[in-house]
Amino acid sequence: TCLETTKDYHTIALYSHLVPLFVTVVVSSFVLVKSKFSMLSKVFTLFTFGFCLWLLGDVIIWTSSNYNLVSFLWSPLDYINVLFYLFGAYFLVVLVTGKDISFWGKLLLFVLFLPAWWITVTNQSISVFDQTVCEAINSDFLTNYKFYIEILVIAFIGFYALFSQRKCENAKKWQIAAVSLALILFFSVFAATEYISSETGIYEINLYSLFVLPVFLFMIVYSISNLEIFRIRLVGFQLLPYVLIVMVGSQFFFLENPTDRALTTITFIASLGFGLLLLRSGKKEVEAREKIEKLATELEQVNIQLKELDRQKDELISIVSHQLATPVTSVKWYIEMMLDGDTGKLTAEQQKQLTTMQGVTGDLADLVGMILDVSRLQLGKMKVDRTDLDLSTFFRDILAIIEPKAAEKKVKFLKSLPKELPTAMLDKRLMRMTLENLLTNAVKYTPAGGEAELKVWVEGKKLHYTVRDTGCGIPKSEQPRMFEKLYRATNVRTVDGNGFGLFVAKGAVEAQGGSIRFESAEGKGTTFYVEIPVIKKGEMPQVKGA
């Protein structure tokens with residue numbers, strides 16, 4: 001009786017169910033394996049597995065002659081339907097968030113599954129089964145519940161995709177839009193054809209709609225893999241030939257007309273040739289891609305190792321400089337005591353030697369102090385000790401050190417300072433660190449006969465000063481790196497220097513809420529521009545990063 005009822009549709013039923021079943025199994029298995037069982041691929045497999053269960057049950061109902069088997073499989077179909085709809089919503093949430101849903105989300109899914117599951121396991125999903133025509137009448141409650149779940153899932157996918165896009169980058173927005181559209185089309189076509197067939201009694205409509213559903217599955221996989229969420233960008237190259245060959249080849253089992261068989265044979269041969277060409281070209285791209293990925297992985301590992309070495313180097317420098325600071329200070333103090341005569345009268349030769357040692361020790365102390373400042377900057381621990389600083393006195397003291405050096409090197413030194421400068425809450429040590437470094441460099445890198453200039457002014461609530469020289473300048477290609485630690489321009493590496501100066505100067509300015517920049521032309525000189533907020537006592541400083 002079952003066969004008599006559905007015999008006219010056996011061929012189309014087998015073809016419309018088995019081909020999508022094969023395609024779905026291949027696609028989901030491929031995705032799962034290639035993505036190395038990622039969370040997203042697992043949920044996608046749950047969704048497609050539910051759909052495959054439904055296809056398998058439905059094809060047996062259409063083609064089986066055993067009414068007991070038909071009755072047995074008819075019972076859970078609506079529950080399976082609910083199952084893969086909810087897994088589809090689960091899949092979209094994982095895609096958008098990039099992580100598994102929360103415990104409460106899983107509890108909500110379980111609650112939504114529960115009614116359909118309970119009705120199924122208590123044998124209430126079918127109210128009547130007519131053996132004479134091999135057809136069941138479903139439970140009204142389960143039929144309506146399934147319909148509401150379908151509407152709920154479709155609406156949820158649409159609204160969730162719409163609102164979640166607002167927080168995503170453009171590439172992710174397009175991906176979410178494409179996947180959610182494919183899911184909505186998949187579920188809408190499935191639900192609409194089921195509803196129409198149940199209302200009209202023309203159940204064959206379901207058979208023809210199944211041909212369309214794998215297209216939406218491919219849309220989902222392509223949308224995701226194209227942006228490498230599954231990390232299988234070449235899914236089309238690797239899957240399409242097999243699917244095409246199977247779909248064309250499967251027609252031989254259902255064709256009886258010789259003409260149709262001949263045409264199908266030609267199509268199959270053409271598909272086979274096209275598939276082989278596609279696989280060959282895809283293989284080359286896969287190999288190139290794998291090579292690039294391998295190189296990228298190796299480069300990432302090398303980069304991690306270099307960062308670790310850099311960290312260890314900085315840590316070593318910090319430790320060494322801290323250990324050096326105390327003995328260097330002690331040596332400097334003892335030399336000063338001896339020069340002051342606290343340890344007895346010195347001969348002229350002894351005084352001369354100790355004076356030389358004092359200069360060397362002072363330079364060493366400055367270097368150790370600079371290294372310590374570098375360490376503090378890197379750790380973000382540069383301490384700012386703001387006190388009332390008389391700017392007029394501050395600039396005069398610095399110039400008293402720099403002008404003799406310029407005169408000794410025969411560099412013309414120009415200065416332009418206001419008659420009066422305010423007193424501001426600034427860190428004298430950091431201010432000195434920046435200004436003295438810039439002026440020393442200006443004199444050091446300017447040849448005899450050249451010029452160096454300091455210009456100071458106050459504008460609004462900011463102190464401005466520029467340090468200009470007519471020295472060797474900085475090559476244009478190297479200018480972006482001049483504030484990097486240990487970097488020195490190639491045209492001055494024969495001149496004594498350690499590469500810390502500008503790095504520390506920049507950090508000292510920015511620690512006080514200021515900024516520093518420069519303009520330079522190779523062979524013509526360099527000008528540094530510094531601006532620092534003039535903070536009065538009681539005002540709150542605005543520091544970068546605060």
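What share of the contacts in the protein chain with a separation of 6 or more comes from residues 24 or more positions apart? The answer is 72%. Keep in mind as you look around that this is a predicted model.

Let's start with the whole chain. It has 546 residues, and 42% of them are buried. You'll find 16 helices and nine strands along the way. The chain exposes about 30600 Å² to its surroundings, with carbon and sulfur atoms supplying 61% of that area.

Now go to helix H3, which covers residues 39–63, and then to helix H4, residues 67–74. These two helices pack together with their axes 9 Å apart, at an angle of about 150 degrees. Angles over 145 degrees count as roughly antiparallel, and H3 and H4 therefore get that description. Their crossing is left-handed. Who does the touching? On the H3 side, look for Gly57, Ile60 and Ile61; they meet Leu69, Val70, Leu73 and Trp74 of H4. Sort this contact by class and you get six nonpolar residues, one polar residue and no charged ones. Glycine counts as polar in this sorting.

Next, move along to helix H6, residues 103–121. A good residue to stop at here is Leu109, which sits in this helix. Is Leu109 buried or exposed? Its relative accessible area is 12%, and the cut-off for buried is under 20%, so Leu109 counts as buried. Leaving aside residues up to four places away in sequence, Leu109 touches Leu86, Tyr90 and Ile101. You can also check the spacing between Leu109 and Phe87: they are 22 residues apart along the chain, and their C-alpha atoms are separated by 8.6 Å.

H6 has a helix partner to look at too, namely helix H7, residues 140–164. The axes of H6 and H7 lie 10 Å apart, and the angle between the two helices is about 155 degrees. Remember the cut-off of 145 degrees: H6 and H7 are therefore roughly antiparallel as well. The crossing of H6 and H7 is left-handed. From H6, the residues in this contact are Val111, Leu112, Pro115, Ala116, Ile119 and Thr120, and they meet Phe141, Leu142, Tyr145 and Ile149 from H7. That contact divides into nine nonpolar residues, one polar residue and no charged ones.

What comes after H6? Follow the chain into the loop between H6 and strand S1 (126–130), and there you'll meet Asn123. Asn123 has a phi near 60 degrees, a positive value in a residue that isn't glycine. Its relative accessibility is 65%. Over 50% counts as exposed, so that is the label Asn123 gets.

For the last stop, jump ahead to Lys410. Where is Lys410 found? Look in the loop between helix H14 (391–409) and strand S4 (412–416). Lys410 isn't a glycine either, although its phi is positive, at about 65 degrees. With a relative accessible area of 63%, Lys410 is exposed.

So here is the tour in brief. You've seen H3 and H4 packed roughly antiparallel, and H6 and H7 packed that way too. You've also met Leu109, buried in the model, along with Asn123 and Lys410, which are exposed.

Note on methods. Residues numbered from 1 in each chain as written. Predicted model: local features only at pLDDT ≥ 70, side-chain atom pairs only at ≥ 80, totals over all residues. Heavy atoms only, no water. Axes fitted to C-alpha atoms, helices over the stretch in contact; angles between N-to-C directions. Helix = DSSP H or I, 4+ residues; strand = E, 2+ residues; numbered from the N terminus. Parallel < 35°, antiparallel > 145°, perpendicular 65-115°, else oblique. Left-handed = near helix turned anticlockwise from the far one by under 90°. Contact = heavy atoms within 4.5 Å. Buried < 20%, exposed > 50% of the residue type's maximum accessible area, 1.4 Å probe, protein only. Areas by Shrake-Rupley, 256 points an atom, 1.4 Å probe, with all protein chains shown as cover.
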